[in-house]
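Colleague: I'm new to this one. Could you take me through a single part of it up close, and tell me what surrounds that part?

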Amino acid sequence: ALIKKMNELGYGIVCTLRSNRTNHCPLLSEKQMKMKKRGYFDYYLSSDRKCIVISWKDSKRVILGSNYV
């Protein structure tokens with residue numbers, strides 16, 4: 001919601017997200033990501049193609065959100 005709001009206001013944003021802040025993004029869960037190899041990633045692109053949420057596995061799962069593309 002914050003990424004979309006900042007986009008409406010005309011600001012570009014890149015941020016890390018907690019897993020409980022990714023409302024209704026169909027990303028793999030922490031448990032599913034643990035079974036993948038390091039470097040695996042999953043992403044969700046909004047229908048208007050202005051916001052993206054990326055999840056990738058490093059030593060732990062990292063979630064990044066952005067509207068700055």
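Modeller: Let's look at Arg49, which sits in the loop between strand 2 (41–45) and strand 3 (52–57); strands here are DSSP runs of E, at least two residues, and they are numbered from the N terminus. Bear in mind that this is a predicted model, where local features need pLDDT of at least 70, side-chain atom pairs count only at pLDDT 80 or more, and totals for chains, interfaces and linings use all residues. Residues are numbered from 1 along each chain as its sequence is written, and side-chain values use heavy atoms, with hydrogens and water left out.

Back to the loop: Arg49 isn't a glycine, yet its phi is positive, at about 60 degrees. Arg49 counts as exposed because its relative accessibility is 61%, and exposed means over 50% with a 1.4 Å probe, protein chains only.

On one side of the loop is strand 2, home to Phe41. Together with Tyr43 and Leu45, Phe41 makes a nonpolar surface patch of about 310 Å² (a patch takes residues with over 30% relative accessible area and no salt bridge, nonpolar side chains being joined within 5 Å; a salt bridge puts a side-chain nitrogen of Lys or Arg within 4 Å of a carboxyl oxygen of Asp or Glu; areas are Shrake-Rupley with a 1.4 Å probe).

On the other side, strand 3 forms a hairpin with strand 4, with 3 residues between them. Those two strands pair antiparallel over 6 bridges (pairing takes at least two DSSP bridges), and Ser55 stands opposite Ile63 of strand 4. Strand 4 (residues 61–66) is also joined to strand 1 (residues 14–16), antiparallel, by 3 bridges, with Cys15 partnering Gly65.

Terms used
Helices (H or I, at least four residues) and strands (E, at least two) are DSSP runs, numbered from the N terminus. Buried means under 20% relative accessible area, exposed over 50%, partly exposed in between (1.4 Å probe, protein chains only). Patches are made of residues with over 30% relative accessible area and no salt bridge: like charges are joined within 9 Å, nonpolar side chains (Val, Leu, Ile, Met, Phe, Trp, Tyr) within 5 Å.
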